[in-house]
Amino acid sequence: MDLEHLVAIDVHTHAEVSSKGHSSLDDDLHDASSAYFKVEGKRKPTLEETAAYYRERNMAAVIFTVDAESATGTAPVPNEEVAEAAAANADVLIPFASIDPFRGKAGVKQARRLVEEYGVKGFKFHPSIQGFFPNDRSVAYDLYEVIEETGAIALFHTGQTGIGAGVPGGGGIRLKYSNPLHVDDVAADFPHLKIILAHPSFPWQDEALAVATHKPGVHIDLSGWSPKYFPPQLVQYANTLLKDKVLFGSDFPVLTPDRWLADFAKLTIKDEVRPKILKENAARLLGLTKP
């Protein structure tokens with residue numbers, strides 16, 4: 001990966017479909033999220049199409065599936081397939097994985113294998129879809145232990161989700177699991193774990209800012225929202241106290257980096273902070289730069 005010539009690193013993109021055409025969400029949830037986000041372009045690009053998309057823009061992308069099989073009954077895009085596609089497109093793709101925390105010991109073994117054999121750099125958790133509190137010691141703590149030990153990153157969805165929005169009952173998805181204060185416990189219990197709080201955490205934006213300010217290992221990605229809708233306190237902290245801990249993320253393919261960057265250009269971010277958010281902070285967190 002030619003870091004010097006990359007325009008940006010997008011730390012939040014989704015592998016929506018496997019090589020066999022399988023998706024990790026059912027059609028109703030996919031269709032509802034497309035309407036919610038007003039998706040532009042192809043909703044289910046292949047891994048190779050995603051790589052080509054980012055290569056064309058001279059950007060790198062962290063990519064992952066979401067494994068919520070216990071809650072949804074739908075198998076995820078295989079982590080191994082995502083990692084293999086990233087290895088084949090190592091100039092632009094950075095592999096993360098996702099493991100349903102209810103997989104127990106099998107999931108813990110899988111996490112270690114994915115890091116050691118497939119070069120996975122982090123793990124995506126979506127508490128609302130997976131149906132767990134991140135600070136529930138009986139569910140995911142063994143997974144966190146492996147992630148911390150291997151130096152990988154734990155990325156947590158926080159705040160409201162567009163998945164299930166508009167579906168009766170929200171598709172059974174409960175927002176309470178994604179309050180970032182639950183992740184504060186994780187950061188306290190695993191002080192060397194690298195953590196990303198994904199998205200502006202509506203309606204808990206202040207909580208997310210408090211956690212990221214208080215815990216050295218906690219970062220915030222800006223995915224899932226157009227920057228023109230960012231809460232003012234998020235912009236303030238991104239410019240000041242958290243300027244080294246805020247990361248560009250789009251949520252591709254539901255929100256494209258083109259749309260995100262166009263709106264980010266109009267945001268009142270200091271000139272010296274922009275390159276940190278777009279690339280430098282992520283490069284350091286992902287271990288792409290020398291210490």
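Is Asn89 buried or exposed? Select it and have a look: Asn89 is buried, because its relative accessible area is 5%, under the 20% cut-off. Before going on, keep in mind that what you have open is a predicted model.

**Stop 1: around Asn89**

With Asn89 still selected, find the loop between helix 4 (79-88) and strand 3 (93-97), which is where Asn89 sits. Now show what touches it. Setting aside neighbours within four places in sequence, Asn89 is in contact with Glu48, Ala51 and Arg55.

**Stop 2: the sheet**

Switch to a cartoon view and pick out the strands. There is an open sheet of 8 strands, paired in parallel, in the order 1-2-3-4-5-6-7-8. The edges are strand 1 (8-14) and strand 8 (246-247), each of which pairs on one side only.

Next, select strand 2 (59-64). How many of the residues of strand 2 are buried? The count is 6 of 6, so this strand is mostly covered, buried being under 20% relative accessible area. Colour the two faces separately if you like. Met59, Ala61 and Ile63 are on one side, Ala60, Val62 and Phe64 are on the other, and all of them are buried.

Now look to either side of strand 2. Strand 1 is joined to strand 2 by 5 bridges, and the two run parallel. To see how they line up, select Thr13, which stands opposite Ile63 in strand 2. Towards strand 3, you'll find 3 bridges from strand 2, again with a parallel run. Val62 has Ile94 as its bridge partner in strand 3.

Carry on to strand 4 (residues 122-125), which runs parallel to strand 3 and is joined to it by 2 bridges. Select Ala97 here, and you can find its bridge partner in strand 4, Phe123. Then add helix 7 (residues 141-150), which packs on the sheet and touches strand 4 and strand 5 (153-157). The direction of helix 7 makes about 150 degrees with that of strand 4.

**Stop 3: salt bridges**

Time to turn on the side chains. Side chains of opposite charge can pair when their charged atoms come close. In this model the count comes to 11 salt bridges, and here are three to visit.

Start with Asp258 and Arg57, whose side chains meet in a salt bridge at 2.9 Å, N to O. Which parts of the chain does this pair link? Asp258 belongs to helix 11 (residues 257-264), while Arg57 is in the loop between helix 2 (47-56) and strand 2, and the two are 201 residues apart. Asp258 is partly exposed, with a relative accessible area of 38%. Add Glu56 to your selection too: Glu56, Arg57 and Asp258 are linked in a network of salt bridges.

Next, go to Arg112 and Glu149, where the salt bridge has an N to O distance of 3.1 Å. Arg112 lies in helix 5 (residues 104-118) and Glu149 in helix 7, so this pair ties together parts that are 37 residues apart in sequence. Arg112 counts as partly exposed at 26% relative accessibility, whereas Glu149 is exposed, with a relative accessible area of 53%.

For the third, select Arg137 and Asp189, whose side chains form a salt bridge at 3.2 Å, N to O. Arg137 is in the loop between helix 6 (127-130) and helix 7, and Asp189 is in helix 8 (residues 181-189), so the pair ties together parts 52 residues apart in sequence. Arg137 counts as exposed at 57% relative accessibility, while Asp189, at 34%, counts as partly exposed.

**Stop 4: helix 10 and the loop after it**

Now jump to Pro232 in helix 10 (residues 232-239). Pro232 is exposed because its relative accessible area, 64%, is over the 50% cut-off. Try a distance from here to Gln160: the C-alpha atoms of Pro232 and Gln160 are separated by 18 Å, and the two residues are 72 apart along the chain.

Finish at Lys243, in the loop between helix 10 and strand 8. Lys243 is partly exposed, with a relative accessible area of 35%. What is Lys243 in contact with, leaving aside its neighbours within four places in sequence? Show Tyr237, Ala238, Val273, Lys276 and Asn281. As a last distance, take Lys243 to Ile269: they are 26 residues apart in sequence and 9.9 Å apart in space, C-alpha to C-alpha.

Definitions and conventions. Residues numbered from 1 in each chain as written. Predicted model: local features only at pLDDT ≥ 70, side-chain atom pairs only at ≥ 80, totals over all residues. Heavy atoms only, no water. Helix = DSSP H or I, 4+ residues; strand = E, 2+ residues; numbered from the N terminus. Buried < 20%, exposed > 50% of the residue type's maximum accessible area, 1.4 Å probe, protein only. Contact = heavy atoms within 4.5 Å. Pairing = 2+ DSSP bridges. Axes fitted to C-alpha atoms, helices over the stretch in contact; angles between N-to-C directions. Salt bridge = Lys/Arg side-chain N within 4 Å of Asp/Glu carboxyl O.
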